[in-house]
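User: I am new to this structure. Please walk me through it in short questions and answers.

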Amino acid sequence: MTHRGSRVLHVGSLSRVEGEGALYLGVHDGTVTEARLDIYEPPRFFEALLRGRSYTEPPDITARVCGICPVAYQMSACAAIEDACGVVVDPVIRDLRRLLYCGEWIESQALHIYLLHAPDFLGRASAIELARTHRAEVERGLRLKKAGNALMELLGGRAVHPVNVRLGGFHRAPARAELLALAEDLRQALDDAWDTVRWVSGFEFPDARVEADLLALAEPDTYAIEGGTPTVLRADGSKDSFPVRDFTHRVTETHVPHSTALHSRLDGRVHLTGSLARFAIGGARLSEVARQAAVAAGLGDPRDGAVCRNPFRSILVRAVETVYAVTEALRIIEAYEPPERPYTEVPPVAGVGHGATEAPRGVLYHRYELAADGTVLSAELVPPTAQNQGAIEADLRRLAQRAISEHDPDDAELTDLCERAIRNHDPCISCSTHFLDLTVVRTSGRTTGGGDA
C-alpha cells in the first residue's frame, strides 16, 4: 500500500543473528498494538532424542544444539547429571572447566561485538563491509576470537562441538607446559580486549531501558560462569534468589502460536538473562582489571552498585566480560597443576539432577531424570534466547512506539531500528527452537491493510 494509514512492510531474513525468524508489528492509528517475534525454524527435538540414551551421552549430544556455545550445553549437562549422581568434581577439574568456558566467552563475545553488533553503530551492513573501512579493528576482533578458539581446541579437542569433555571432567587433561604456551597469546588478547572496550565506548547509543526483571547466576566470591545460584533483580530494585532445583518452578515455559520456541516467564513476569543481567547482579565480583574496564567504558563502578539497563549499551558489557574472561584464563593458567586423573568417576544413580551455567547469552538450565542403570528417562533444556523472547518483544514494542510517536519513520528506518533492537540481545534462535522477515501492518479508522508483501 502507498498511503501512510495502511501499510505492509516485508523484509527478508534478518542479518547478523544466529538462526531464522520473523517480526510482525501491528500499528493502528499510530499506536503499536502488537510486536510478535515469529520463530519458524523447525524444532529439533533434542529433549526427545536424549530419552533412552545413556547418562554419559548428553554432554556430547547437547553440544550439537549450538555451534557458537557448545561448551555451555556440555557444562550444564555435566552439572545436572553429576548432581543427579551426587558427585562433586575435583577443584582442579572445575578450574579446567571454567578455563574452557572462558575460551567460549572470549570467542563468542568477540564474534558478537565485531562481526554482528559493531556494524550497527558504524553504519555498515555487514562485517565484510566493516572490514573495508575498519580493517584494523576487525582484525583485532578475529585475533580475540582466535585466542578463545585456541583454549577450546586445547581443552576441548576442537573449537566447534568439543570432544574432550566427559562426565566428571575430561578424557585428557593438558600438561602445564601446554597451557603456558597459550599465555603469550592471551596477554596479547588482553591488550586487544582493552582496546575493544575503548573502541566501543566511543559509539553513540540511543536512549532505551529494559524494564524486565533480570536473571543471572551468582557466586559469593567470583563472577559466575560455570555454576551459581539463580538470582533475580526486579525492575523495582528488589532482589531474591532460589536453588537451581527450583528453576522450572520459577521459570515457566508456554507455547505461543507464532513461534516454534517456547516463551518463558519468571514468576509470571517478563525477564531478561545475559550480559546486562550478569553485570547488574554479579558485577561487584568482577576482577579488578574488569572493574577498571567497566569504569573506563562509562558503565560506572559495579562495586558501587552500577547497573546498565540500556540494551544498546550491552556491547559495552560484553567488552568488559571479554576483558574478564581473558584475565580469568590467565589466572587459572598461572596457578594450574595437572590433576592426578583428568576426571572424577560418576557412577549411575537413579535420581533427578539440575544444572545451570552462564552461556554468553545467559542462563542455560538442564534437568535430567535417570534410571538406576543410567538410562535417561527425561530431559529438559531451557536456553537463554527462549527466556529472552518476551523481553525482546517488549523492547521492540517500546522502541517502535517511541519512534512512530516522535517522527513516524519510513519503512527503511523502522526496519533498521527493529533489527538493531533484536541484535542488542544477541539471540541464538537455533538454540531457542529454535530472523528476520519483518511485516508491519499499519491501519487507521479510515483504512485497513495487511497480508504478505
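**Salt bridges, strands and buried residues**

Analyst: Glu178 is partly exposed, with a relative accessible area of 28%. The model is a predicted one.

User: Which residue does Glu178 meet in a salt bridge?

Analyst: Side chains of opposite charge can pair when their charged atoms come close. Glu178 has such a partner at 2.8 Å, N to O. That partner counts as partly exposed, at 44% relative accessibility. The residue is Arg172.

User: Is Glu211 buried, exposed or partly exposed?

Analyst: Glu211 forms a salt bridge with Arg209 at 3.2 Å, N to O. Arg209 has a relative accessible area of 41%, which makes Arg209 partly exposed. For Glu211 the relative accessibility is 38%. Buried needs under 20% and exposed needs over 50%, so Glu211 is partly exposed.

User: Where does Asp301, the salt-bridge partner of Arg291, lie?

Analyst: The side chains of Arg291 and Asp301 meet at 2.7 Å, N to O. This pair links distant parts of the chain, ten residues apart. Arg291 sits in helix α10, residues 288-296. Asp301 is in the loop between α10 and α11.

User: Are Arg291 and Asp301 buried or exposed?

Analyst: The two residues share a salt bridge. Both Arg291 and Asp301 are buried.

User: Which residues do salt bridges with shared partners join into one network?

Analyst: By the salt-bridge rule, the model has 26 salt bridges. Some share partners and form one network. Its members are Arg94, Arg98, Glu219, Glu226, Glu328 and Arg331.

User: Is Glu328 buried or exposed?

Analyst: Glu328 lies in helix α11. Its relative accessible area is 6%. The cut-off for buried is under 20%, so Glu328 is buried.

User: Which residues is Glu328 in contact with, leaving aside its neighbours within four places in sequence?

Analyst: Glu328 belongs to the salt-bridge network, as does Arg98. Arg98 also appears among the contacts of Glu328. The full list is Arg98, Cys102 and Thr222.

User: How many residues of strand β6 are buried?

Analyst: Strand β6 spans residues 213-218 and is mostly covered. Of its six residues, the number buried is five.

User: Which residue in β11 is the bridge partner of Leu215?

Analyst: Strand β6 runs parallel to strand β11, residues 271-273. Three bridges join these strands. In β11, Leu215 is partnered by Thr273.

User: Which residue in β7 stands opposite Leu214?

Analyst: Strand β7 covers residues 229-233 and runs antiparallel to β6. Five bridges join the two. Opposite Leu214 in β7 stands Leu233.

User: What separates the C-alpha atoms of Leu37 and Gln389?

Analyst: Leu37 is in strand β3, residues 31-38. Leu37 is buried, with a relative accessible area of 4%. Gln389 is 352 residues away along the chain. Even so, the separation of their C-alpha atoms is 7.3 Å.

User: How many disulfides are there?

Analyst: Two of the cysteines can be placed by their accessibility. Cys85 is buried at 9% relative accessible area, and Cys308 is buried at 6%. A disulfide needs a pair of cysteine sulfur atoms within 2.5 Å. By this rule the number of disulfides is zero.

Key: Residues are numbered from 1 along each chain as its sequence is written. This is a predicted model: local features need pLDDT of at least 70, side-chain atom pairs count only at pLDDT 80 or more; totals for chains, interfaces and linings use all residues. Side-chain values use heavy atoms; hydrogens and water are left out. Buried means under 20% relative accessible area, exposed over 50%, partly exposed in between (1.4 Å probe, protein chains only). Helices (H or I, at least four residues) and strands (E, at least two) are DSSP runs, numbered from the N terminus. Two strands pair if DSSP finds at least two bridges between them. A salt bridge is a side-chain nitrogen of Lys or Arg within 4 Å of a carboxyl oxygen of Asp or Glu. Contact means heavy atoms within 4.5 Å.
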